[in-house]
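Q: Please take a close look at a single strand of this structure, and describe with care what lies around it and how the chain continues from there.

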Amino acid sequence: MADAGNVTALFRASTAHTPSYSALNRAASDGGQPLVDFCIPCNPYFPTPEMYEELGGRLRDILTYYPSGADTIAAELSAVLGLNPQTVVMGNGSTELITWIDHLLVRDALAVPVPTFGRWTDQSMETGKRVDMFLLPESDGFVLDPHAFVDFVRSRGSRTAVVCNPNNPDGGMLPRRSVLALLDALQDLDLVVVDESFLEFADAGPESSVADEAVLRPNVIVLRSLGKNFGLHGVRFGYLVANPGLSGRVRAALPKWNLNSFAETVVFMLKQHRHAYDLSLRQVRRDRQEMIWHLGRLPGLTSYPSQGNFVYVRLPDGVDGAALRDRLLTEHGILVRECGNKIGSSSRFLRLVVRPPVDVQHLVGGLEQTLYATGGGGLLPVPYGTGNPAVDRLVMRA
């Protein structure tokens with residue numbers, strides 16, 4: 001599919017994050033088919049083709065003119081979501097908001113379960129703060145024990161705590177009542193952040209959010225992503241919800257035009273396309289269950305329950321995730337997220353984004369050929385085989 005040397009070199013050059021989709025496509029110099037992306041956690045069903053057509057028709061104006069101020073865009077988003085605009089702050093992606101939360105509200109130490117989204121560990125370390133990392137046990141399926149986390153925060157003396165719900169990369173999620181109990185137990189901290197960037201994909205959906213509680217509490221921020229939900233990472237927009245005092249501190253630090261015209265256009269389109277958005281989330285949830293079922297049939301591969309739009313998998317014994325990633329990419333045109341550079345994870349794990357069934361079949365076929373192929377081409381030793389991975393699995397189980 002691609003020039004193996006050019007493409008895989010990008011992964012070795014970037015130790016903290018996966019190379020961008022655009023960089024990988026530029027490195028694939030053979031002009032082949034586009035990558036099948038199981039790495040970037042976007043909604044594959046939204047925006048709809050009609051929305052893309054509308055955006056294309058307005059492209060000249062979008063690129064030519066300044067956007068409105070962030071307050072105007074946030075007010076429209078608040079109206080769509082049923083929120084008080086005084087409690088909402090929009091940012092140029094959730095990472096911009098994480099940066100400002102760190103600069104403005106985190107003092108000397110931040111506690112966070114790991115593995116998790118890398119900016120929650122990296123950002124505060126980059127500004128010289130202590131990051132207290134609570135290891136999620138693999139033996140328990142990376143499930144967060146809220147009581148153990150509270151005890152950890154107390155023992156370390158952390159003044160800020162962060163919980164991603166659902167968590168990235170494993171997709172584990174606490175029920176709303178458990179999150180509220182956690183907020184109660186940590187009400188004396190300077191700040192507690194609940195990162196709900198993937199919550200829209202959860203089976204319970206927005207009903208499991210604690211945003212309504214955040215506006216009533218003095219030390220709670222709920223962070224939400226729009227790029228992931230709306231399938232538009234490139235637009236770079238997200239928002240936080242907090243009481244007016246906290247949200248006002250963050251809002252005052254942001255530039256007036258920190259949001260672009262694409263973000264404004266999409267936000268003002270949401271009201272008329274809300275039904276299509278809700279349908280897209282339902283389809284992702286169905287696809288997630290089907291994908292977990294297919295992955296569960298691969299010998300030696302363990303997939304964990306997920307409420308995100310991705311599935312965390314442990315590879316069979318003896319398989320190096322980086323080697324598997326490189327071969328899937330160069331031989332099958334499949335891009336996956338190998339988790340060796342995530343704190344608390346290792347190269348034995350992949351995070352695989354939920355995609356439509358036709359793409360999942362392509363992924364499963366690539367995994368079968370790469371992991372179990374006979375004739376020396378597989379990453380796992382296979383004592384015998386027919387040359388057909390699906391048949392071989394049945395024979396090995398018999």
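A: In this predicted model, Val 114 has Leu 135 as its bridge partner in strand E4. That contact belongs to a wider pairing, in which strand E3 (residues 109-114) and strand E4 (residues 130-135) are joined in the parallel sense over six bridges. Between these two strands the chain passes through helix H7, and the β-α-β crossover that leads from E3 through H7 to E4 is right-handed.

E3 also pairs with strand E5 (residues 160-164), to which it runs parallel and is joined by two bridges; here Leu 110 of E3 finds its bridge partner in Thr 160 of E5.

As for its surroundings, E3 is mostly covered, with six of its six residues buried. In a regular strand the side chains alternate between the two faces of the sheet. In E3 both faces are covered, since Ala 109, Ala 111 and Pro 113 on one side are buried, and Leu 110, Val 112 and Val 114 on the other side are buried as well.

Following the chain onward into the crossover brings us to helix H7, which spans residues 118-126 and contains Met 125. Met 125 counts as partly exposed because its relative accessibility is 40%, a value that falls between the limits of under 20% for buried and over 50% for exposed. On the surface, Met 125 forms a nonpolar patch together with Met 133 and Ile 343, and the accessible area of these three residues together is about 230 Å².

How values were computed: Residues are numbered from 1 along each chain as its sequence is written. This is a predicted model: local features need pLDDT of at least 70, side-chain atom pairs count only at pLDDT 80 or more; totals for chains, interfaces and linings use all residues. Side-chain values use heavy atoms; hydrogens and water are left out. Patches are made of residues with over 30% relative accessible area and no salt bridge: like charges are joined within 9 Å, nonpolar side chains (Val, Leu, Ile, Met, Phe, Trp, Tyr) within 5 Å. Accessible areas come from the Shrake-Rupley method with a 1.4 Å probe; for residues, only the protein chains shown count as cover. A salt bridge is a side-chain nitrogen of Lys or Arg within 4 Å of a carboxyl oxygen of Asp or Glu. Helices (H or I, at least four residues) and strands (E, at least two) are DSSP runs, numbered from the N terminus. Buried means under 20% relative accessible area, exposed over 50%, partly exposed in between (1.4 Å probe, protein chains only). Two strands pair if DSSP finds at least two bridges between them. A crossover is right-handed if, with the strands pointing away from the viewer, the path from the first strand over the helix to the second runs clockwise.
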